[in-house]
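These are my notebook entries on a structure that I looked up. I record what I checked, one topic at a time.

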Amino acid sequence: MSAHDDMFSAEQSCWFVRKVICWRAAASVAWAVLLLPPITAAFVILSRFNLLHPIQTISECLSLLTSASAVFSLILLCGVILVVGFLNLEYYTVIPTIACSKIALLGQLLHPRQLLNSLVHSIMGMIVAWCCAINIGGRYETLGYPCPQSDGSDGSPQMCLNEYHLALLLAGAFVGFSHSLLGVIHNMNYVSFHTVQQYKYLRFKGSLPLVVKCSATQALYSIRNYIVVYFFLGYIPKAWLCKTLNLDSNSSAHPLDSIAGLLDLTLLYHMWISASFLLFTWHITLLLFRIFVTEVYSFPVQSSFTEDAHQCLSKVLADKQPMILKFLALQDLALLSQHSPSRRGEVFSLSQPGGHPHNWNAISRECLSLLTDLTQRLVIYHDTVATNGRAKSLSTGSERRTSSETSAQRVPLTAPFTPDLDSPFASPALRRLTAPVEQCSPWFGTVQSPHVMRRVPKLWSTSTDSQVNGSPQSSPASVPSPKQEASKPSLLAQFLQNRKEQLPEASSQALFADSQAHIWALEGLSYLVQASFSEDQFGVVQTTLPSILSSMLVLQEAVDRHFKLPHASSKPVRSSGSMGDSTHKTLRFALRATLKTAIYRITTTFGDHLKAIQMSAEHRKRLQQFLEYKE
């Protein structure tokens, strides 16, 4: 790519992020802020409601909501929503990061960027909890209060620590921290695109019951965990605060880090309702962000002005970053190919002067490139699994290592399979500890390195091992002495080894992590080819039809081979009670269905005309299966 193209690409990306994504994120935050007063009012009524005096409760709530403290807490909550909205924009992704092993997930959780995110969420959780304490009032209102029996020497009353207020604040911090960790575990920053297009209001209304359920359920589990932590460790912040602020702990009341103190049902209810309020406001902000950022954007197919050329669909499709731009462009392509005859006409049109089908060539080339990329990944994945599956054969460890490394280097998107390489754990010391598992292997433990086999004397003797492992080792620490041979590995090494084992299904999910792009490419191509039968006046599609069919048939063969692997065909259990989007877990099934439908769409439209196309005997045989509806 030339410097001129790079400049255009950078300008395009900057324009799109600045003019589209940022404004969409700002609109989602604005709606979240507008929804905050009614949500806060509902929280106040639920936290202070008294069945015996309902009218009195409502009047008290109304007077509280108009007080200066309530207005100040509302301003603080708006600030928290703004920060949550900014973090959503900063951390969102359209391609989820799937950890293929437990230690890779641990590496994600302990990444410095994630630790900073967790700290910010803890602080925000404490701020929201303080606002909740102000709104609930009563015994939660202040951190200190005058002791009942004050014996201050200087005449001023001695202040006591209000443990109810402290417990509520720490609960907020704990729930915020837990939410941040669950965000990584459940891929909450993953933004998926809906198959069925709906208005924003209808999507929001339809998702609201799920948000309420998720918030209440997650709050319940978080508060349960918090109570256990506070029971054992609650004395630490209590003692530190008393010492720092010169407060007395009131010995007349039950301390809350005891069984009697924590069995206070009113306290538990207020903790749970506060945690639910906190999570509900954050989840609503996240839901609005997802709805706004995935809204359909219509790109011009061709432009009359040169300065706007970089905003055209064909140019945008070729951009690599940001990924949201590429995804929205592919979504637009899939929709125009189905529902817009006028825009399809622009795709099939010839440019003047010259009469070349530039629009069709650029769009079809990018879609075919995506399909070829996925096919290569699937072929390399299958070949590597097949090679590493021969763990019982006496091939050398160096050969296995070399094949694994070369395969990993050839895979264009290795990162989703091996996120642990970029984690803070990828130090030389850890590599030596976790030597039994291939560092570059995205596969789930089918490789048995000689070091693992060396630990099983029943399978391998010392002499056999010395013959097998003929290649010199790169690290002296990897070569055990005869004394070490008989000794068992350390507990730390065993622990790390167990967590390093690949999760079977995760590697397949990671392989198809970005397959929403391929699904749209298949839909766009197949619908355009179908429409070309009657709409393509100049026959621009006919020249590309052989390569389109061969790309789809090769991909279908690769997908079929992949689904014959044991872990690929098992459907994951749908997770409930979480705002994490689990769409990525079933993308491979959606891709397989879309691919088959796309081929049938072309074969049913063109029928026996396809027999005139030049293709290999194998492809012709497979195509005949589709023509006879036998696939």
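Entry 1. I began with histidine 584, which touches Pro96, Ile98, Asn187, Tyr190 and Gln509, leaving aside residues up to four places away in sequence; contact means heavy atoms within 4.5 Å. Histidine 584 sits in the loop between α23 (545–563) and α24 (587–606). Helices here are DSSP runs of H or I with at least four residues, numbered from the N terminus. I noted histidine 584 as buried, at 5% relative accessibility. Buried means under 20% relative accessible area, exposed over 50%, and partly exposed in between, with a 1.4 Å probe and protein chains only.

On the source, I noted that this is a predicted model, in which local features need pLDDT of at least 70 and side-chain atom pairs count only at pLDDT 80 or more, while totals for chains, interfaces and linings use all residues. Residues are numbered from 1 along each chain as its sequence is written, and side-chain values use heavy atoms, with hydrogens and water left out.

Entry 2. I then looked up histidine 310, in the loop between α10 (265–293) and α11 (313–318). Histidine 310 is buried, with a relative accessible area of 8%. Its C-alpha atom is 9.9 Å from that of tryptophan 15, although the two residues are 295 residues apart along the chain.

Entry 3. Isoleucine 613 lies in the loop between α24 and α25 (617–627). At 12% relative accessibility, isoleucine 613 also counts as buried. I listed its contacts as Leu545, Pro546, Leu549 and Arg620, again without residues up to four places away in sequence. From isoleucine 613 to leucine 549 the C-alpha distance is 9.6 Å, with their positions 64 residues apart in sequence.

Entry 4. Which residues touch the most other members of the largest nonpolar core? I found Phe16, Leu333, Trp360 and Met552, in a core of 77 residues. A nonpolar core is a set of buried Ala, Val, Leu, Ile, Met, Phe, Trp, Tyr and Cys residues joined through side-chain atoms within 4.5 Å. Helix α14 (residues 358–388) gives the most to this core, with 10 residues. Domain 1 (1–147 + 158–294) and domain 2 (306–389 + 503–570 + 578–628) both contribute residues, so the core lies between them; the domain bounds come from an automatic or database domain assignment. In soluble globular proteins, nonpolar side chains tend to be buried together.

Entry 5. I closed with leucine 333, whose contacts are Leu313, Leu317, Ile363, Cys367, Gly524 and Leu528, not counting residues up to four places away in sequence. A second, separate core of 57 residues includes Leu36, Met124, Cys131 and Leu168.

Terms used
Helix = DSSP H or I, 4+ residues; strand = E, 2+ residues; numbered from the N terminus.
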